[in-house]
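Subject: Structure handover

Hello,

Here is the structure I promised to pass on. Please open it first, then read my notes below.

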Amino acid sequence: METLKLSRRDFLTYAGISGSGLLLGCSAVPKSPLEKFQAPLSSEPQRLNIFVAIKPDNSVEIVSHRVEMGQGSKTGIPQIIADELEADWQQVNVIQGLGDKRYGDQNTDGSTSIRKFYDKLREMGASARTMLEQAAADYWQTDLTNVYAKQNKVINKLTGSSLTFGDLAELASKQAVPKVESLVYKSPESFNFIGKPVPIVDLDDILVGNTTFGIDIDLPDLLIASIERCPVIHGKVKTFDATQALKIPGVIDVIEMPSTPETVVYFPLSGVAVLATNTWAAMQGRKALKIEWDLGKNKNHDSQKGFSTFKNNLKNAPQLVAKRGDVSKGFASASQIVEAQYQTPYLAHAPMEPPMATAWFHDDICEVWACVQDPQAVMAQAAAMTKRPKEMFKVQPTLLGGAFGRKSKSDFANEAVYLADKTQRPVKVVWSREDDIQLGYYHAGAVENIKAGLDENGNITAWHQQAAYPSIGSTFNHQTNTPQDFELSLGFGDFAYDIDNVLMEKAEAKAPVRIGWMRSVCNIQHAFALNCFLDEVAHAANIPTAQLMVQSLGADRDINHKQVYDFNFTNYGEELSRHPYSIARYRHALETLIAKTPINEALPKGQGWGIAVHRSFVSYVAVASKVQVVDNKLTVKEIHCAIDCGLAINPDRIKSQMEGAMIFGMSIALMGQIDIKDGAVVQSNFHDYPVTRINQVPKIVVHSINPNENPPSGVGEPGVPPVAPSIVNAVFAATGERYRTLPLNQHLMV
């Protein structure tokens with residue numbers, strides 16, 4: 001990988017410490033008709049709010065406070081602000097926001113960047129526009145209603161004269177910030193950018209390799225750290241010998257990393273760091289270490305034995321999650337009973353760029369550059385670890401070479417901070433692919449049981465579902481050993497189908513590794529079990545799966561799961577009044593897919609279609625997959641999806657997110673599996689933890705349900721959950737073989 005070389009001047013500019021903080025100065029200040037009112041005319045950008053600054057050259061700087069990992073938020077966020085601001089997109093420069101609590105939540109996960117901030121971003125744009133308009137009205141000594149902003153100008157309706165945003169910037173910055181209730185927002189009909197396929201802002205730079213990822217950071221006197229970490233969670237260094245490592249040219253120091261507490265959070269793992277002047281020396285020094293480990297309480301864990309424990313716990317000690325009606329009565333009245341058990345493995349995020357972070361203590365601050373999803377988490381954890389105030393940590397997120405949730409856990413940034421503090425030199429911690437796959441935060445392996453009773457017409461009279469998997473909560477409280485409500489709200493307790501008698505249960509499942517959220521989180525196992533089982537029920541009832549799904553949804557309605565099932569449904573942190581659980585939209589996504597996909601076409605032997613539908617991150621996605629199985633070789637030939645994500649801010653980004661989700665979901669369905677033996681992860685790189693390759697990618701068709709008057713909902717994650725069950729159902733249609741354990745390469749060649 002080509003390394004970005006930064007001169008000290010480049011670095012100071014990049015670091016934002018060259019006199020203007022986050023904002024870069026300009027060398028040439030144009031004349032302004034308002035110059036006589038602005039003495040002296042500033043060369044600095046004028047900040048109108050935390051997101052918007054105007055420069056004298058009439059360019060507009062808009063902050064993207066979330067990080068960019070390929071999902072398009074760096075374009076979508078300024079797109080919304082620029083629209084309300086009435087900016088000229090050609091004069092907009094996007095600035096990556098530092099970690100700063102004034103932005104609110106900066107953890108770029110949960111498909112929240114647009115969903116959570118749409119209204120606030122419009123407010124920022126409308127507020128800045130109003131300040132510019134008021135400045136112009138004051139200059140022309142007219143009423144605010146006589147002016148309006150358009151394309152980086154404010155125009156006088158009475159005279160037709162105009163002033164640029166650059167002309168008005170300084171006067172506007174002195175205006176009182178308008179009250180939110182006084183703001184006037186644009187009507188959807190007048191949107192310039194919202195709803196338009198605006199190209200991503202750094203497309204050209206990405207195409208020519210002119211962007212900065214975590215690995216690219218370089219600083220004067222930089223040390224590279226490669227860390228040998230204990231392979232078993234909660235294990236620690238017993239003794240180590242660094243004699244041979246220190247003999248390798250370039251190796252400067254060897255430092256033991258602290259022991260990880262039982263509640264692991266984002267603390268560095270116990271290990272030994274080799275610091276060198278270059279990456280090769282650091283890695284060679286690491287290989288030369290002699291370490292004796294105390295492997296701790298997890299040293300004998302075996303994931304397959306763990307799944308057996310989950311199954312026993314479901315059988316012997318289930319705990320109530322949700323309930324409706326009398327499930328025993330429902331089964332008693334059934335003419336047919338169907339039941340099955342599904343299992344999904346532990347999964348790794350495996351982003352293309354492994355975790356990377358650089359830290360540097362100087363001048364009473366610590367600067368951190370890292371491919372992190374949550375810069376504020378770095379600030380908080382680093383402050384706690386070093387017992388320093390949070391405010392001294394300045395965190396600059398770089399572009400992320402993929403993340404899928406891995407980089408919302410900032411352990412690697414904390415490693416860099418720890419080592420930089422110890423050495424008082426800038427330190428870059430470099431994770432290898434093997435480090436990432438063997439020592440990450442894993443998506444939990446899961447077991448689910450489902451049992452349904454059917455009447456003679458194929459109607460479901462009773463539903464009993466159980467789930468056991470280690471909780472993400474175990475990472476934050478080691479005593480947490482059952483799925484939590486926020487996880488069961490991801491496609492389990494938030495049951496969509498209209499069945500009179502329902503019982504949902506969970507069971508204990510202890511965590512043998514660090515558990516973390518991965519793209520679409522627990523929706524993966526819940527959507528897999530639910531949609532595969534509905535396919536089984538449809539087959540047993542001898543009716544098409546699509547028909548069974550549609551008829552079982554019942555009448556269009558909004559469901560309050562607290563009222564219907566006494567389940568503490570968290571709804572992704574959204575109010576039900578804004579994002580109701582809508583069966584009408586659920587059904588519409590499914591029916592749109594069915595209408596636009598040839599799922600009933602005549603197929604040759606060995607081919608089949610499968611479907612699945614799921615609500616997640618308050619969006620609705622249905623997926624149909626077409627597969628071929630010949631001589632035990634599985635090929636996914638087509639994937640179609642229909643998404644209802646409310647108002648589409650950037651349709652092109654939604655399409656690309658769905659395409660990426662289909663490919664990500666294929667990796668899970670076909671090949672994703674992490675095994676744990678003797679307490680350690682077995683897989684190590686893409687040769688034994690493969691992801692979908694180009695030659696495996698089928699034709700992908702995306703149907704967005706637009707126009708849509710509902711508020712924007714999640715996009716980055718909702719496409720993933722229905723993929724695996726649609727493929728598994730398609731395999732059954734093609735072969736008659738029912739597979740209930742992922743991944744499919746256990747059963748077929750892929």
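The protein exposes about 28,900 Å². Carbon and sulfur atoms supply 50% of that area. Please keep in mind that this is a predicted model.

**Overall picture**

Of the 750 residues, 62% count as buried. The secondary structure comes to 20 helices and 29 strands. The radius of gyration is 28 Å, close to the 27 Å that the globule rule gives for 750 residues, so the protein is as compact as a globular protein of that length. Along the principal axes, the C-alpha atoms fill a box of roughly 90 × 75 × 45 Å.

Contacts across the sequence come next. Take the contacts with a separation of 6 or more: 77% of them are between residues 24 or more positions apart.

Then the charges. There are 72 positive and 81 negative side chains. The centres of these two sets lie 2 Å apart.

**Helix α7**

I looked at this helix in some detail. Helix α7 covers residues 279–287. Which of its residues are buried? They are Ala281, Ala282, Gly285 and Arg286. These residues cover an arc of only 135 degrees around the axis, which puts them on the same side of α7. The face turned away from that buried side carries the exposed residues Trp280 and Lys287.

What do the buried residues of α7 pack against? Three strands are among the partners: β8 (223–229), β10 (251–257) and β11 (271–276). Two helices are also among them, α6 (243–246) and α12 (433–438).

Methionine 283 is found in α7 too. At 28% relative accessibility, methionine 283 counts as partly exposed. Leaving out residues up to four places away in sequence, methionine 283 touches Ser226 and Val430. The C-alpha atom of methionine 283 is separated from that of valine 630 by 45 Å. Along the chain, those two are 347 residues apart.

**Lysine 506 and strand β21**

Is lysine 506 buried or exposed? Lysine 506 is buried, with a relative accessible area of 12%. Its place is in strand β21. Neighbours within four places in sequence aside, lysine 506 is in contact with Leu314, Ala317, Pro318, Gln319, Val321, Ala467, Thr482, Pro483 and Leu488. How does lysine 506 sit relative to methionine 283? Their C-alpha atoms are separated by 44 Å, and the two residues are 223 apart along the chain.

**Two positive phi angles**

Serine 520 has a positive phi of about 85 degrees although it is not a glycine. Look for serine 520 in the loop between β21 (502–506) and α15 (523–541). Serine 520 is buried, with a relative accessible area of 0%.

Asparagine 571 is not a glycine either, and its phi is positive at about 50 degrees. Asparagine 571 lies in the loop between α17 (561–565) and β23 (581–582). At 1% relative accessibility, asparagine 571 counts as buried.

**Isoleucine 668 and the cis peptide bonds**

Isoleucine 668 has its place in helix α19, residues 651–670. At 7% relative accessibility, isoleucine 668 counts as buried. Not counting residues up to four places away in sequence, isoleucine 668 touches Leu347, Met518, Ile524, Val720, Leu742 and Pro743. The C-alpha atoms of isoleucine 668 and isoleucine 649 are separated by 28 Å. Those two isoleucines are 19 residues apart along the chain.

Two of those contacts, Leu742 and Pro743, lead to the next point. The peptide bond from leucine 742 to proline 743 is cis, with omega near 0 degrees. Proline 743 lies in the segment after α20.

A cis peptide bond also joins asparagine 706 and proline 707. Its omega is about 0 degrees. Where does proline 707 lie? Proline 707 is in the loop between β29 (699–704) and α20 (723–735).

**Where to start**

Begin with α7, which has its buried residues on the same side. Then go to lysine 506, buried in its strand. Finish at the cis bond from leucine 742 to proline 743, where both residues touch isoleucine 668.

Best wishes

Terms used. Residues are numbered from 1 along each chain as its sequence is written. This is a predicted model: local features need pLDDT of at least 70, side-chain atom pairs count only at pLDDT 80 or more; totals for chains, interfaces and linings use all residues. Side-chain values use heavy atoms; hydrogens and water are left out. Helices (H or I, at least four residues) and strands (E, at least two) are DSSP runs, numbered from the N terminus. The radius of gyration is taken over C-alpha atoms; the globule rule is 2.2 Å times the number of residues to the power 0.38. Buried means under 20% relative accessible area, exposed over 50%, partly exposed in between (1.4 Å probe, protein chains only). Contact means heavy atoms within 4.5 Å. Accessible areas come from the Shrake-Rupley method with a 1.4 Å probe; for residues, only the protein chains shown count as cover. Lys and Arg count as positive and Asp and Glu as negative; His and the chain ends are not counted. The place of a charge is taken as NZ of Lys, CZ of Arg, CG of Asp or CD of Glu. The arc is that of the directions from the helix axis to the C-beta atoms.
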